[in-house]
Amino acid sequence: MTIKKLLIVGGGTSGWMTAAMLSKLTEQKISISLVESDKIGTIGVGEATIPAIKRFNQLLGINEAEFMSATQGTFKLGIQFQNWGALGESYLHGFGKIGRQWDWLSFYQYWLRLNGCNNVSHLDNFSINTQMALRHKFSQPQLDRPQSPLSEIAYAYHFDAGLYGQYLKTLALKQGVNHIEGTIVSVNQHLDNQHIASVKLDNGRELDADLFIDCSGMSGLLIEQCLNTGFEDWNHWLPCDSAMAIATKKDPDLPPCTRSRAHDAGWQWKIPLQHRTGNGHVYSSNFTTREQAQTTLFEHLDTQPLGDINHIRFRTGKRRKSWNKNCVAIGLSAGFLEPLESTSLYLIQTAILRLVKLFPDDNFLQANIDEFNRETDFEMEKIRDFIIAHYKVTRRDDSEFWRYNQHMDIPDSLADKLEMFSAYGRVHRNADELFREESWVQVLIGQGLKPQFADPLLKLKSQKEITMFVNDTEQVIKNNVDNLPSHKEFISQYCRSAL
């Protein structure tokens, strides 16, 4: 028998992303309800995304300009990291390509050859995305110019997470999702197989379903409190366990990138929106106090605060099973990775699409569930390794926090990747990993990891040939960026908010 009734427990961004997509793809042939309580707040600080969010919105049929106007959105070309490799240093992890391919080697290998001779400018100058971000320019990719770097522009969004949730809520309700207000007070299970049978609300109403989606946040109301699934803690690799967020007045420069500035015991984000700026400080309570973390945050705000500060405690890690029995955890209920690389909404998105790909019938075949969990674990672990690399690959030793990060043990999977890069500058990745070669290269070089040797194939090119190729690439990118409008101008003409 097919699944007839599906209940989403919890609203927020994860709940309404799930409701909007599942109602769209099932074409109202499955009864979908979402229950949420107005007494339970949402974290709602996931305001930065990666380019994959465009595919999610396109599947929903969302008009980009309309959506960005409704959510006070701006464009994001990458993330600028300050003080991570060493105090005073900065680099950009930009989306998209670095330079251009020449024969058998990636562009950055030629750059490494010249960098070893101190005969080349910063790597940020060789990507259309990073140059646009640094100069506060923006354009959508110009696909009618396939030979130009302008055709390779990759972007994501900054937006107000609360407004995005409301936008998707409106869409989901139009697509037939049943919205129920209430607080869950108990969960009932079938006696024979311990599958979830129903949830009971504080008004006495009971909601049954065949399949339950847990979007209840870090508490894991169904996946953990009811099913006792277990949690795999990664705090020893990612010691930050606290965050505080606050909105400030809008940034008049409106840079098209997120900024991450490292501090003595964590890091601070800055996300420019049309109506305000999102700010926050992620830190480790083992290396600083809440009071000191708050002082650090306020000392580095660029614009005047608006409203109250929001304090958040979290555990980095994942559920031992994201799918257990007839319950699928999506969002924070499935696990948490700090928002250093803006992957929170991406993990919601891929979990939803993975569920669609492996959608069950009422047999709940275990092999199907196991495959969902295997793919989820792989994805989470690879993203985890990438985030750990930001902390591990550093020359900072000016605080106890950074000394701990420098000397901590790391997963074997990351150790192997760092060893290969430190030898010849090569990046080995599995095809299904989120972060591509360019991402690893920008972060590892940006953090100060220099390969010991040049790729042996570089010897087949002369120093003069390489220099001409690299310099020409830099000039072409600069010339193209020169003629682009500012990010602020593009926003004003394309998607200025009426709010």
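This passage describes the overall build of a predicted model and then a few of its helices and residues.

The chain contains 14 helices and 21 strands. Its radius of gyration is 23 Å, close to the 23 Å that the globule rule gives for 499 residues, so the chain is as compact as a globular protein of that length. Along its principal axes, the C-alpha trace spans about 75 × 50 × 50 Å. Of the 499 residues, 59% count as buried. Among the contacts with a separation of 6 or more, 77% are accounted for by residues 24 or more positions apart. The accessible surface of the chain comes to about 21,100 Å², and carbon and sulfur atoms hold 48% of that area. The side chains include 52 that are positive and 58 that are negative, and the centres of these two sets lie 4 Å apart.

Two helices were examined individually. Helix 9 covers residues 366–392, which makes 27 residues. From its first C-alpha to its last, helix 9 reaches 38 Å, close to the 39 Å expected at 1.5 Å a residue. Helix 9 is mostly covered, with 20 of its 27 residues buried. Helix 6 covers residues 161–174 and has 14 residues. The distance from the first C-alpha of helix 6 to its last is 20 Å, close to the 20 Å expected at 1.5 Å a residue.

The buried residues of helix 6 are Ala161, Tyr164, Gly165, Tyr167, Leu168, Lys169, Leu171 and Ala172. An α-helix has 3.6 residues a turn, so residues three or four places apart point the same way. The buried residues of helix 6 pack against three helices and two strands: helix 1 (12–26), helix 2 (52–59), helix 3 (64–70), strand 2 (31–36) and strand 7 (178–181).

Glutamine 175 is placed in the loop between helix 6 and strand 7. With a relative accessible area of 12%, glutamine 175 is buried, because the cut-off for this class is under 20%. Glutamine 175 and alanine 20 are 155 residues apart in sequence, yet their C-alpha atoms are 7.5 Å apart in space. Apart from neighbours within four places in sequence, glutamine 175 is in contact with Ala20, Ser23, Lys24 and Gln28.

Positive phi values occur at two residues that are not glycines, glutamate 27 and asparagine 83. The phi of glutamate 27 is about 55°, and that of asparagine 83 is about 65°. Both lie in loops: glutamate 27 between helix 1 and strand 2, and asparagine 83 between strand 4 (78–82) and strand 5 (90–94). Their accessibility falls in opposite classes. Glutamate 27 is exposed, with a relative accessible area of 54%, whereas asparagine 83 is buried, with a relative accessible area of 17%.

Isoleucine 196 is found in strand 9, which covers residues 196–201. Its relative accessibility is 0%, so isoleucine 196 counts as buried. Leaving out residues up to four places away in sequence, isoleucine 196 touches Val187, Asn188, Gln189, His190, Ala209, Phe212, Leu222, Cys226, Leu227, Asn326 and Cys327. One of these residues, Leu227, is 31 residues from isoleucine 196 along the chain, with 8.5 Å between the two C-alpha atoms.

Alanine 265 and tyrosine 283 are in contact with each other. Alanine 265 is found in the loop between strand 14 (258–263) and strand 15 (266–272), while tyrosine 283 lies in strand 16 (residues 277–283). Alanine 265 counts as buried at 7% relative accessibility. Tyrosine 283 is also buried, with a relative accessible area of 4%.

Beyond residues up to four places away in sequence, alanine 265 touches Cys240, Val282, Tyr283, Ser284, Phe287, Thr288 and Phe401. Tyrosine 283, counted in the same manner, is in contact with Cys240, Asp241, Ser242, Ala243, Met244, Ala265, Gly266, Thr288, Thr289, Arg290 and Ala293. Cys240 and Thr288 appear in both lists. The C-alpha atoms of alanine 265 and threonine 296, which are 31 residues apart along the chain, are separated by 9.9 Å. For tyrosine 283 and arginine 436, 153 residues apart along the chain, the C-alpha separation is 27 Å.

Notes. Residues are numbered from 1 along each chain as its sequence is written. This is a predicted model: local features need pLDDT of at least 70, side-chain atom pairs count only at pLDDT 80 or more; totals for chains, interfaces and linings use all residues. Side-chain values use heavy atoms; hydrogens and water are left out. Helices (H or I, at least four residues) and strands (E, at least two) are DSSP runs, numbered from the N terminus. The expected span of a helix is 1.5 Å times one less than its number of residues. Buried means under 20% relative accessible area, exposed over 50%, partly exposed in between (1.4 Å probe, protein chains only). The radius of gyration is taken over C-alpha atoms; the globule rule is 2.2 Å times the number of residues to the power 0.38. Contact means heavy atoms within 4.5 Å. Accessible areas come from the Shrake-Rupley method with a 1.4 Å probe; for residues, only the protein chains shown count as cover. Lys and Arg count as positive and Asp and Glu as negative; His and the chain ends are not counted. The place of a charge is taken as NZ of Lys, CZ of Arg, CG of Asp or CD of Glu.
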